[in-house]
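Visitor: Please take me through the empty space inside this model. I want a close look at one part, with its lining.

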Amino acid sequence: MASAPLINHSPLAISCNNVALGFETTSGLLSLLVYFLAKSSQALQNLKVINETLRCGNLVKFVLREAIKDVDFKGYHISAGWKILPIFSSMHLDPLLHENPSEFNPWRWTDPATSKKVTPFGGGLRMCPGSELAKLEAAFFLHHLVLNYRYGKVFKSYIFGSPTIISCDLELNKFVLQKEGKLFQSSYPKPIRDILGKHSLMIVSDVERHKKLRRIEVGLINKFSSTSNFLGDIDKLCISLMESWRGNQLILFSKQAKQFSFNLMLMNLLDMQPGEPLGLQLLEDFLTFMKGFVSIPINLPWTPYAKAVKARTRISSTLKQILNEWKNRKDVQVQNGQQKGDPFDEILVKEDLISDVEKVSILLDLLLAGYETTSGLLSLLVYFLAQSPQALQTLKDEHLAIRKKKKEGEPLNWEDYKQMEFTTMVINETLRCGNLVKFVHREAIKDVKFKGYHIPAGWKVLPILSAVHLEPSLHENPSEFNPWRWTDPATSHKVVPFGGGSRLCPGSELGKLEASFFLHYLLLNYRWTMKEEEYPMLYPYMDFPKGLLIALETETKNVN
């Protein structure tokens, strides 16, 4: 009768066990080293750190044993068959054994007695056989890490196929943004360039050409935002949306915010009313475009990337059609002597310095910026306010006071907007915490030296805006949603939610205004609670995975 093979003792099993041990021990140790060293600049200079990392990090928290006979030790009696869990981590953090045990202090190991009070890899016959090997590997890794990279708020990496400087430093980030065209230029990955097109304001790196296109975009925004019916259109759209929610107890707010924001852009930018067939087609194509905007660039028919490329072609075709209609309408008006001021005429139709392709790209840029900024901001506002009852009540009081001064049904105006001081603080804090723009892509066009850092020409630079917004040395309790921190004027100098320099988002203030109007009517008409545990995530742009499901309850103290 053949006996069962001893699988656990086979060479393959032993090899697999060793691989698992090496993987878990070394990878965990390296991660803990980087974590602790990031918080201890003095220790980084000395590197007496591996043993202290093992003590603080506790890769092995405990082991499982069983008494095979009755045991008596120091007055304790352990019966045969009982399980025993030696908890190493509690011993490593015991104040009786280690002074300030929660402090990462490699210098405690200058005392030989410390080694007798720490057992990071167990002991006895089952002492981890690769413990010293893991320390050796970690030492080699640290050697190359500290010699090749300046680890901390600014460090080197290799991402998007290029050597890259990652900056989480406020001063360096501002420096990079302000020196656009002099020391740095826009440099986005190829998939983004291919989808947006070479004429997109986001992609163009030539300084003079960028200035020209930006001037046109800013001019277009200023033109339509200064028309007599601009604020009225926003007001009407907000009221219409509130009315459409009557009787609905649950809504997926993220979807509603996207549709609202896109309708705003259709009305303001393209002079189209919500519900028009051409507008609905644009929205459908735009949603497809956004899903593949930053995706794996695999150009196969079923991939988000390929679908986004096709959607952009359709969007461009629709926008070109609209441009041609504007031109034809203007020609008819001129012939009939009915020429009238139109915000689009002076900037797009009469502008001979740019091609039709560039005009289409400008419209797409504005659609993208307005849609993404406003919809994301609205969703984040609802998300944070649902968890901040004090801020919510203060905000509601401000809008009730504004509404009480107005006649029934009277729309909001510029003077009302100027009174929304706490609203502005809430919006600014939402942008700080929510980080709609996490980082931007730049490239050094010449060798740059700044604060002891050297950035070689040709290297990519990623200013991480969100890291600055959540930096404890800049913001007290940075993860806390606290609009009142904006009463300190200095806060505004430590937050850059829309980038900076010549590439500052041209529609940022417009997005804040639209959000303020929206909040006014939302607060006066409804109370809301989140129905599911939900968090904003990157896809890679900000979105809510479950759609931000909220429960609505009609506000009984409606003043409107």
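Guide: A cavity here is a set of grid points where a 1.4 Å probe fits but cannot get out. The model is predicted. By this rule it has 2 cavities of 30 Å³ or more. The largest cavity holds about 40 Å³ of space.

Take its wall next. Q259, F262, N263, L266, P274, G275, G279, L280 and L283 line the largest cavity. Two helices each give at least two of these residues: helix 10, spanning 253-270, and helix 11, spanning 277-291. Helix 10 gives the largest share, with 4 residues. By class, the lining of this cavity has 5 nonpolar and 4 polar residues. Charged residues are absent from it.

Now the open space. The largest pocket holds about 1200 Å³. Its lining runs to 50 residues. Closest to the centre of the pocket are Y188, M202, F293, L368 and V437. Four helices each supply at least two lining residues. They are helix 7 (190-196), helix 8 (207-225), helix 14 (356-385) and helix 19 (508-525). The largest share of this lining comes from helix 14, at 8 residues. The chemistry of the pocket wall splits into 29 nonpolar, 13 polar and 8 charged residues. Charged residues therefore appear in the pocket lining, where Asp, Glu, Lys and Arg are the types counted as charged.

Helix 6 deserves a stop as well. This helix covers residues 170-178. Its buried residues are L170, L172, N173, F175, V176 and L177. At the N-terminal end of helix 6, D169 acts as the cap. One of the side-chain oxygens of D169 sits 3.2 Å from the backbone nitrogen of E171.

Last, the cysteines. A disulfide is a covalent bond between the sulfur atoms of two cysteines. The structure has 0 disulfides. Two cysteines can still be placed by burial. C56 has 16% relative accessibility, so C56 counts as buried, the cut-off being under 20%. C433 also stands at 16% relative accessibility and therefore counts as buried.

To recap the spaces: about 40 Å³ lies in the largest cavity, and about 1200 Å³ lies in the largest pocket. Helix 10 gives the largest share of the cavity lining. Helix 14 does so for the pocket lining.

Terms used: Residues are numbered from 1 along each chain as its sequence is written. This is a predicted model: local features need pLDDT of at least 70, side-chain atom pairs count only at pLDDT 80 or more; totals for chains, interfaces and linings use all residues. Side-chain values use heavy atoms; hydrogens and water are left out. A disulfide is a pair of cysteine sulfur atoms within 2.5 Å. Buried means under 20% relative accessible area, exposed over 50%, partly exposed in between (1.4 Å probe, protein chains only). On a 1 Å grid over the protein atoms alone, a cavity is a set of points where a 1.4 Å probe fits but cannot get out, and a pocket is an open set with protein on both sides within 12 Å along at least five of seven lines; lining residues have an atom within 4 Å of a point. Grid points are joined across faces, edges and corners, and a volume is the space filled by probe spheres set on the points. A polar contact is a pair of N or O atoms within 3.5 Å; within protein, one must be able to donate a hydrogen and the other to accept it, and residues adjacent in sequence count only if both atoms are side-chain atoms.
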